[in-house]
Amino acid sequence: RQGGMTTARAKDANYSSDASMWHRNVQVGQRWTTDMCGIDAVAGPARLHVVLAPGNPGSARFYEPFLRLLHAALGGAADVSAFSH
């Protein structure tokens with residue numbers, strides 16, 4: 001929906017892509033942990049949460065530039081996150 005993204009950007013022309021990236025180590029099962037990272041919505045409560053399941057490489061941190069770009073393209077109105085595998 002390219003029109004939706006254009007509208008979101010137009011509504012919040014002051015949006016900055018410098019939103020804070022968070023990082024967490026999350027317990028998966030009894031023995032394993034995985035790394036997660038993301039950016040929370042900055043334009044009020046999130047109406048959408050985009051979760052990236054990475055391919056190869058499976059490191060969430062590798063995709064941080066893409067997460068920032070996606071967050072900015074959505075005008076800061078969505079939570080965006082990724083997990084490692």
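This is a short conversation about reading the fold and a few residues of a predicted model.

Me: Where should I start with this model? Which helices and strands does the protein chain have, and in what order do the elements run?

Reply: Begin with the inventory, then walk along the chain. As this is a predicted model, we are reading computed geometry throughout. The protein chain has two helices and four strands. Starting at the N terminus, the order of elements is α-β-β-β-α-β.

Me: Next, the sheet. In what order do the four strands lie, and is the sheet open?

Reply: Look at which strand pairs with which, rather than at sequence order. Here the four strands make an open sheet with the order 1-2-4-3, and the pairing is mixed. Strand 1 (21-28) and strand 3 are the edge strands, each pairing on one side only. From one strand to the next, the twist averages 25 degrees.

Me: How do I see what "mixed" refers to? Which strands run parallel and which antiparallel?

Reply: Go through the pairs one at a time. Strand 1 and strand 2 run antiparallel and are joined by eight bridges. Within that pair, Arg-24 has Met-36 of strand 2 as its bridge partner. Strand 2 and strand 4 also run antiparallel, with four bridges between them; there, Cys-37 stands opposite Ala-82 in strand 4. Strand 3 (residues 48-52) and strand 4 (residues 78-83), in contrast, run parallel and share five bridges. In that pair His-49 faces Asp-79 of strand 4.

Me: How does the chain get from strand 3 to strand 4, and which hand does the crossover have?

Reply: Follow the path between the two strands. The chain leaves strand 3, passes through helix 2 and arrives at strand 4, giving a β-α-β crossover that is right-handed.

Me: Where does helix 2 lie relative to the strands?

Reply: Compare the helix axis with the strands it touches. Helix 2 lies across strand 1, strand 2, strand 3 and strand 4, and runs at about 165 degrees to strand 4. Its buried residues, within the span 64-73, are Glu-64, Leu-67, Leu-70, His-71, Ala-72 and Ala-73. Just past the end of helix 2, Gly-75 has a positive phi of about 70 degrees.

Me: Which residue takes a positive phi in the hairpin of strand 1 and strand 2?

Reply: Check the turn between the strands. Three residues separate strand 1 from strand 2 in this hairpin, and Gly-29 takes a positive phi near 75 degrees.

Me: Let me try single residues. Why does Thr-34 count as buried?

Reply: Compare its relative accessibility with the cut-off: buried means under 20%. Thr-34 comes out at 14%, so it counts as buried. It sits in strand 2 (residues 32-39). Its side chain reaches the backbone oxygen of Ser-84 at 2.4 Å. Setting aside neighbours within four places in sequence, the contacts of Thr-34 are Arg-24, Asn-25, Val-26, Val-28, Ser-84 and His-85.

Me: And Asp-40: where is its place, and what does it touch?

Reply: Locate the residue first, then list its surroundings. Asp-40 is found in the loop between strand 2 and strand 3. With a relative accessible area of 41%, Asp-40 is partly exposed. Not counting residues up to four places away in sequence, it touches Trp-22, His-71, Ala-78 and Asp-79. Asp-40 and Ala-19 are 21 residues apart in sequence, with 8.0 Å between their C-alpha atoms.

Me: How many aromatic pairs does a search of the whole structure find?

Reply: For rings, read the centre distance and the angle between planes together. The search finds one aromatic pair. Phe-62 and Tyr-63 form it, edge-to-face, at 5.1 Å centre to centre and 80 degrees between the planes. Phe-62 counts as exposed because its relative accessibility is 54%, whereas Tyr-63, at 17%, counts as buried.

Me: To finish, what do the totals for the protein chain show about burial and contacts?

Reply: Totals put the single residues in context. Of the 85 residues in the protein chain, 35% count as buried. Among contacts with a separation of 6 or more, 67% come from residues 24 or more positions apart.

Key: Residues numbered from 1 in each chain as written. Heavy atoms only, no water. Buried < 20%, exposed > 50% of the residue type's maximum accessible area, 1.4 Å probe, protein only. Pairing = 2+ DSSP bridges. Right-handed = clockwise from strand over helix to strand, strands pointing away. Polar contact = N/O pair within 3.5 Å; in protein donor to acceptor, adjacent residues only side chain to side chain. Contact = heavy atoms within 4.5 Å. Axes fitted to C-alpha atoms, helices over the stretch in contact; angles between N-to-C directions. Phe/Tyr/Trp six-rings, centres within 6.5 Å; stacked < 30°, edge-to-face > 60°.
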